[in-house]
Amino acid sequence: MLAHVMPFSAERTCLNIEDFSLAYAGKSALHELTLSVPRHRVTAFIGPSGCGKSTLLRAINRLHDLNESVTHSGRITFEGEDIHADRMNVSELRRRIGMVFQTPNPFPMSIYENVAFGLRLQKRMKKRQRDDIIEWALTSAALWDEVKERLHKSAWQLSGGQQQRLVIARTLAVQPDILLLDEPASALDPISTLKIEELIRNLKSQLTLILVTHNMQQAARVSDYTAFLHSGELIEYGPTDQVFTNPRLRRTENYITGRMT
Ligand SMILES: Nc1ncnc2c1ncn2[C@@H]1O[C@H](COP(=O)(O)OP(=O)(O)O)[C@@H](O)[C@H]1O
Ligand SMILES: [Mg+2]
């Protein structure tokens, strides 16, 4: 396999994107992407606005299913299974691959109920067990200490940064294998952003993370591998240190040094 497709040798992959193309109403948005995502690492997708980062994340989570104008070809496999196979259970896929968006979107209910939301589908769970998972999820999202005294207060009373960590806790509560984060800190202040970055670094011992960001310093600070996309194509993919300090291609260098937007 080409080095830029899989820039690691000792890692195990959990997601493989193979020759994947996607178009909106016939207009190409992703062009023959091939890359593998390693397990228990943070992989950043960077590139200018409109290059296809969100489109790719949505494809991994099959969020294009309801958009009839979308066509795609190639394959995405998760733990060896084609995510578009007929037998794929899409709600189970979305449980195992959680997604967090740019703008925090807590539900209009208490902090506790937000995190419990996905667990309610597992009807047999005892309250004690649910409470333990909620504490674990809020702790993993670096929010527990700030909310443990007011779990039954409205989630909307939280600050923007806390709301985003709550959404991360809600996503973690159903114990996904992969967490997709689409510019999760771009609506937040610098201190909230650093908290999100720290929790991302801490979470990789538990799961695989894909971070979309247009903030290059953020990609450099938190990711192990970086994929640079431009106009729907994968331009360069490698260990983050190498992509930022010694990129193979002039196009990547121009982008990361700000000569191209
Ligand atoms: N729902 C949609 N319908 C039609 N075109 C879309 C839609 N979403 C994104 N696009 C187009 O696809 C391209 C990639 O967009 P997007 O994935 O949002 O990029 P990024 O997240 O990197 O900014 C852009 O040209 C955008 O205009
Ligand atoms: Mg986007």
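This is a friendly chat about a predicted model, its ligand 1 and its two sheets.

Reader: Hi! What should I know about the model before we start?

Author: It is a predicted model, where local features need pLDDT of at least 70, side-chain atom pairs count only at pLDDT 80 or more, and totals for chains, interfaces and linings use all residues. Residues are numbered from 1 along each chain as its sequence is written, chains are lettered from A and ligands numbered from 1 in the order in which they are written, and side-chain values use heavy atoms, with hydrogens and water left out.

Reader: Thanks! Which residues are around ligand 1?

Author: They are Tyr24, Ala29, Pro48, Ser49, Gly50, Cys51, Gly52, Lys53, Ser54, Thr55, Arg58 and Asn67. A residue counts here if one of its heavy atoms lies within 4 Å of the ligand.

Reader: Which helix gives the largest share of that shell?

Author: Helix H1, residues 53-60, with four residues. Helices are DSSP runs of H or I with at least four residues, strands are runs of E with at least two, and both are numbered from the N terminus.

Reader: And what classes of residue are in the shell?

Author: Four are nonpolar, six polar and two charged. In this scheme Ala, Val, Leu, Ile, Met, Phe, Trp, Tyr, Cys and Pro are nonpolar, Asp, Glu, Lys and Arg are charged, and the others, Gly among them, are polar.

Reader: How far is Thr55 from an oxygen atom of ligand 1?

Author: A polar side-chain atom of Thr55 lies 2.5 Å from a ligand oxygen. Backbone atoms take part too: a polar one of Gly50 is 2.7 Å from an oxygen of ligand 1, and for Gly52 the distance is 3.0 Å. The cut-off for such a polar contact is a pair of N or O atoms within 3.5 Å.

Reader: How much of ligand 1 does the protein bury?

Author: The protein buries 60% of the 560 Å² that ligand 1 exposes when taken alone. Those areas come from the Shrake-Rupley method with a 1.4 Å probe.

Reader: New topic, sheets! What is the strand order in the one with six strands?

Author: That open sheet runs S6-S7-S8-S3-S9-S10, with mixed pairing. Two strands pair if DSSP finds at least two bridges between them.

Reader: Why is one side of S6 and of S10 left without a neighbour?

Author: Strand S6 (97-100) and strand S10 (233-239) stand at the edges with a single partner strand each, so one side of each has no neighbour in the sheet.

Reader: How do S3 and S9 pair?

Author: S3 (residues 42-46) and S9 (residues 225-230) pair in the parallel sense over four bridges. Phe45 stands opposite Ala227 in S9.

Reader: Which strands does helix H7 lie across?

Author: H7 (residues 190-203) lies across S3, S7 and S8, running at about 150° to S8. Contact means heavy atoms within 4.5 Å, and angles run from 0 to 180 degrees between N-to-C directions, with axes fitted to C-alpha atoms, for helices over the stretch in contact.

Reader: What about the sheet of four strands, what is its order?

Author: It is an open sheet in the order S2-S1-S4-S5, with antiparallel pairing. H1 packs on this sheet, touching S1, S2 and S4.

Reader: How many residues lie between S1 and S2 in their hairpin?

Author: Two, and Ala25 in the turn has a positive phi of about 50°. Eight bridges join S1 to S2, with Leu15 partnering Val37 in S2.

Notes:
Polar contact = N/O pair within 3.5 Å; in protein donor to acceptor, adjacent residues only side chain to side chain.
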